[in-house]
Amino acid sequence: MRDNSRDAGYPRRRFLAGTAAAGATAAVIGTVGTLPGAPPATATGAAEGAGEAVVPAFGPVTVKPSDRRYPDLVWGTNRRWVGTPDSVRLVGTADHVVAAVQEAVDSGRQLAVRSGGHCYEDFVTGDGVRLVIDMSAMDEVGYDPGRRAFFIEPGARLGDAYRVLYKGWGVTIPGGTCPTVGAGGHIVGGGYGALARLHGLVVDHLYGVEAVVVDGNGKARKVVATREETDPNRDLLWAHTGAGGGTLAVVTKYLMRSPGASGADPAKLLPQPPSELHVSTVTWSWDRMTEAAFTTILRNFGQWCERNSAPGSPYASLFSQLKPAHRSAGSFSMTTQIDAGAPNSARLLDDFLAAVNKGSGVDYRVDDRRTIAWLHATTYWPGFTAPDPTTRFKAKSAYMRKGFPEAQLKAFYKHLSRTDFQGPMSVVMISTYGGRINTVAPADTVVPQRDSVLKLHYITFWQNAADDARHLSWIREFYQDVYAATGGVPAPGDVTDGCFVNYADVDLNSPQWNGSGVPWHELYFKGNYRKLQTVKAQWDPKNVFRHAQAIRLPG
């Protein structure tokens, strides 16, 4: 599936290493999957007649604690978690992954996998992890004509994947809004983003995976699983439509093609994003913000989503995040985008803003209102991208089937206006949801939340370890108070519908913070968990891939 053809118009990063030794040197060169009309790749991977040398694969490179690179490779974006593995293996091919997994199995060492490094908990850095497989150099994006599917390697950052897909073929995947997130964990967790209301979740377009698995004899091997009805590995593909990372296998390639897409024209096999967007950011000051005004804004936002999140709504291309931040930030904002080519899009945006602020008695400040190209908005515009979280943080999540009940609104105001806590980087990102997402049956993918209209991301950032207890207490108390009626978590029910596995939260495992009687795996997967356990028993019977919230073997 690898295609090393190159086109000077669409360069992309790749690392080159000529030796597997720890001291191997690396250089940066450009590669890209074959573009429409480009000559076919030869057996060596170079475009025929191009006269280019074969590009050797990166690695593998083994980095141990004595290596100067080690400190850079044992932590991700959350500085609360720094690992102490015996080694980090940087890999460049699926065969390198097979060898690394086999080595871990043969030596009895626990392994973990890192692609973009955005894991929220210590699943890659825990004390038991002795070998980390770093996938960051496996970052190719391109088109596989044999399978009529695009491929995305797990080390590719979302922003780079969007650029290659759009510049090469005018298509995209409806993934997340943070361009530095790695595709590896994002896709397998059922990622969503600003185009999800219009096109569904990213896993709704997942055609297949190439993955490294370990059988009951402890043998590591590569397999390919697709959604074809005749594919005997089809359940393995299903398990990668939302189970989260590090739980069944190591994905070495994602294959993307929309359901029902036909023909051999790559430009028709994935969603085509809007050409341009109307974007908007408005801000409310906390200075004159009363409880009545604050709760009116949140209530209006939730009610608007209840009314306008049906598939086929005129607002299908509108995505918005209301971001109430703690009072110590001085203000909070709402960022919105809508397809500029949609009928009456500018008026729809104006009507949305008016509906959210209606009856609040306060005015917002317009910080941004313009029309910009989609790719620029997606990869550079800072509207939906949180500040670089290479700090310490803790996060929680919730799906909502309805807008906010009054008790939840009161809890929001109480904890976001507390004077005994200072947290200018403490915020809840409340996203519009639904639309095309809700046209998929709950059991068709691992993601069962298919009738929600809101998705919430609670998060608090801080710099110093001395402040850990203060921030953890605040977010835990806040979350428990909001969901007091359902045991301190958003248990599936009339209003709420569980949690998002990509915003991993090990508090859900603890009765101290989860008094609902609903276990963590039911909050994430609901009735799909039993099938996940069956797939786990078939494809990871030795429980090689494990962490605090990995799928458990049955029994």
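A residue is called buried here when its relative accessible area is under 20%, exposed when over 50%, and partly exposed in between (1.4 Å probe, protein chains only). The model is predicted, so local features need pLDDT of at least 70 and side-chain atom pairs count only at pLDDT 80 or more, while totals for chains, interfaces and linings use all residues. Residues are numbered from 1 along each chain as its sequence is written, and side-chain values use heavy atoms, leaving out hydrogens and water.

Let's start with helix α13, residues 529-539 (helices are DSSP runs of H or I with at least four residues, strands are runs of E with at least two, and both are numbered from the N terminus). Tyr529, Leu532, Gln533, Val535, Lys536 and Trp539 are buried there. Look down the axis of α13 and these residues fall within an arc of 165°, so they line one face of the helix; the arc is taken from the directions between helix axis and C-beta atoms. Their cover includes β9 (206-214), β10 (220-226), α6 (234-239) and α12 (520-525).

Now for the cores. A nonpolar core is a set of buried Ala, Val, Leu, Ile, Met, Phe, Trp, Tyr and Cys residues joined through side-chain atoms within 4.5 Å. The largest one has 126 residues, and Trp284, Phe352, Phe412, Ile430, Leu456 and Tyr458 touch the most other members. Helix α7 (residues 291-308) gives this core its largest share, 7 residues. Apart from it lies another core of 17 residues, including Val98 and Val544.

Finally, Gly126 sits in the loop between β5 (110-114) and β6 (129-134). Gly126 is buried, at 13% relative accessible area.

Methods: Contact means heavy atoms within 4.5 Å.
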